[in-house]
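Open the model in a viewer and keep the sequence panel beside it. The stops below give a selection to make and say what is found there.

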Amino acid sequence: MLGSLRVRLPALFLLGIVLAGILAALISLRLFQTYTRGQSIAELQREAQGLSALYADAALRAADEGSGAIDFAASKLELATGDRIFYVGASLFPGQNSGLKRLAEASVPAKVTDLKGAETFEFTPPGSSRSYLAASQPVRLEPDSEPLGAIIVAKPRTELRDQWVPLVWRLGAAVLIGVGIAFLLSWWLSRKITGPVTALAQAADEIASGNYAVRVPTAHSHDEISHLSQRFNDMAARLAATEERERQFLMSVSHELRTPLTAIKGHVDAIRDGLFDDPELERASLDVVAGETIRLERLVGDVLDLAKLNAHRFTVYPQEVDMGVLVERAHASFGEEARRREIDFRLDEDPEAPTIVTDGDRVLQVITNLLANAFRWTPDGGTVSIGSELVDGTVRIDITDTGPGIKPEERERIFVPFISRDNHGTGLGLPIARELAHALGGGLELDSTVGQGSRFTLVLPAAMAAAPTPVA
Ligand SMILES: Nc1ncnc2c1ncn2[C@@H]1O[C@H](COP(=O)(O)OP(=O)(O)O)[C@@H](O)[C@H]1O
Ligand SMILES: [Mg+2]
């Protein structure tokens, strides 16, 4: 479960988003802290500057007007600034209560008591447990006189924290909401991705266990997954078709074998049981047995041939073959049938027929097969012709007939084993012829017009034989 993509994918998305959220929150918090601290320091500095000018002014006026001015200044200042104002150095109002909290010099950094200029620092006033952020400003009675002391304006650091703590809550809430949305999004995305992948995996399991009928749903999108799903379905369909073909083949073979066997068994049983008192009848019966045996033999031979061809375990014995001679031989072997059935059997002689390197017996087997079909389907008095020609480095052997022709929708089907229009044939002739043509490096072409006739063409590569070396 934990190892599945469905869980790992959203978990990974989520982890990335949580980490990014936390990092962004930390960075913004840090930036905000620096900003508020800078703001506070600037504010403290401004206050320290203003107050030091105010106190210098009050001190000068006290010298002229007496303590009334000091009390007035002190009360005003205290009102304005509360208990965050400190003072270090020599008293500005000797003998008077200025309202300022005077600090021992040791409680602030030395740079403050040096009175060289304005300073910012952190300190903990004596008797307090709070730490303060502070700015100091030296106090001068005249613009270029020596400073007498320094005003220190401080702000508890907890106040700073109070500024950014609410931000932490808000950032936390934002991160949580972001993570929530990211979770929903990643869950949806991972379902979208892993859904089809899971379906594919399950379908693949089905195929592995032999159920080729399984299909995966294909979305009408153009992404990789739907491409994969479509290809997967194609593959399943092909596997199913192959399995169906194999089953059909096996069933056809058994059926084809059984038919002659049943005939033979029937006749043999009859003879053995002495059912024939007429020796003529018994002879006829034996003839049938002999005929069926031959048919059986041919059938088994054909099935074996086809099986070998399909498995590419077929041996070709190349030799030099004079195509002119070969075509003449094929022509001659059907001469008798042509005469008997008054079929005009033409030989289109090619004076330039080449000699090629191929397996002559196999070529003759294909041609004989095609001629047998042509003669079977051409009515008495029709025309069959055979001829060869050299075209673009290939030898083309045409066998043309004036039979019924083959309908376009039949043209692929007749090359499937055991497809035969009449019950005399095995339906293995054309499949074997085509496989043989392939095994010889060529192919078989078909051109046909229904009602006029057909032309089968065996195409072979014209690998020329070397010119015979003259004998001395
Ligand atoms: N020359 C042809 N003219 C018309 N139909 C043909 C021709 N050759 C083959 N066919 C069709 O193709 C089918 C398959 O031929 P083939 O494989 O040789 O098997 P078979 O000859 O045993 O029937 C034939 O039954 C026939 O229907
Ligand atoms: Mg045939």
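**Stop 1: a loop residue**

Select Asp392, which sits in the loop that links β9 and β10. This is a predicted model, and its backbone geometry here deserves a check. Asp392 has a phi near 45°, a positive value in a residue other than glycine. Most residues other than glycine have a negative phi. Is Asp392 buried or exposed? Asp392 counts as exposed, because 6 C-beta neighbours lie inside 10 Å and the cut-off for exposed is 12 or fewer.

**Stop 2: another positive phi**

Move to Glu342, in the loop between α8 (335–340) and β7. Glu342 is not a glycine, and its phi is positive, near 50°. Glu342 is exposed too, with 10 other C-beta atoms within 10 Å.

**Stop 3: the sheet that holds β7, β9 and β10**

Select β7, β9, β10, β12 and β11, in that order: these 5 strands make an open sheet with mixed pairing. Why is one side of β7 (344–348) and of β11 (443–449) left without a neighbour in the sheet? Both strands stand at the edges and each has a single partner strand, so one side stays unpaired. From one strand to the next, the twist averages 15°.

At the β11 edge, pick out β12 (residues 453–461), which pairs with β11 in the antiparallel sense over 7 bridges. To see the register, show Leu446 and, opposite this residue, Phe456 in β12.

Now add the helices that pack on this sheet. Helix α7 (residues 323–333) touches β7, β9 (383–391) and β10 (394–401), and its direction makes about 170° with that of β9. Helix α9 (residues 360–377) touches β9, β10 and β12, with its direction at about 20° to that of β10.

**Stop 4: ligand 1**

Keep α9 on display and select ligand 1. How many residues surround ligand 1? The shell has 17 residues, and the closest are Ser420, Arg421, Gly425, Gly429 and Leu430. Both α9 and α10 (429–439) supply at least two residues of this shell; α9 gives the most, with 3 residues. Coloured by residue class, the shell divides into 7 nonpolar, 8 polar and 2 charged residues.

**Stop 5: the sheet that holds β1 to β5**

Go back towards the start of the sequence panel and select β2, β1, β5, β4 and β3. In that order they form an open sheet of 5 strands, with mixed pairing. The edges are β2 (101–102) and β3 (119–123), each of which pairs on one side only.

β3 runs antiparallel to β4 (residues 132–139), and 5 bridges join the two. For one of the pairs, show Thr120 with its bridge partner in β4, Ala135.

Next, display helix α1 (residues 5–65), which lies across β1 (85–89), β3, β4 and β5 (149–156) and runs at about 35° to β4. Then add helix α4 (residues 157–208), lying across β4 and β5 at about 40° to β5.

**Stop 6: the whole chain**

Zoom out and show the full cartoon, with its 10 helices and 12 strands. The radius of gyration is 54 Å, well over the 23 Å that the globule rule gives for 472 residues, so the chain is more spread out than a compact globule. The C-alpha trace spans about 165 × 70 × 45 Å along its principal axes. Of the 472 residues, 22% count as buried. Among contacts between residues at least 6 apart in sequence, 66% join residues at least 24 apart.

Conventions: Residues numbered from 1 in each chain as written. Chains lettered and ligands numbered in written order. Predicted model: local features only at pLDDT ≥ 70, side-chain atom pairs only at ≥ 80, totals over all residues. Pairing = 2+ DSSP bridges. Helix = DSSP H or I, 4+ residues; strand = E, 2+ residues; numbered from the N terminus. Axes fitted to C-alpha atoms, helices over the stretch in contact; angles between N-to-C directions. Contact = placed C-beta atoms within 7 Å. Rg over C-alpha atoms; globule rule 2.2 N^0.38 Å. Buried ≥ 20, exposed ≤ 12 C-beta atoms within 10 Å, placed from the backbone. Near = placed C-beta within 6 Å. Nonpolar A, V, L, I, M, F, W, Y, C, P; charged D, E, K, R; others polar.
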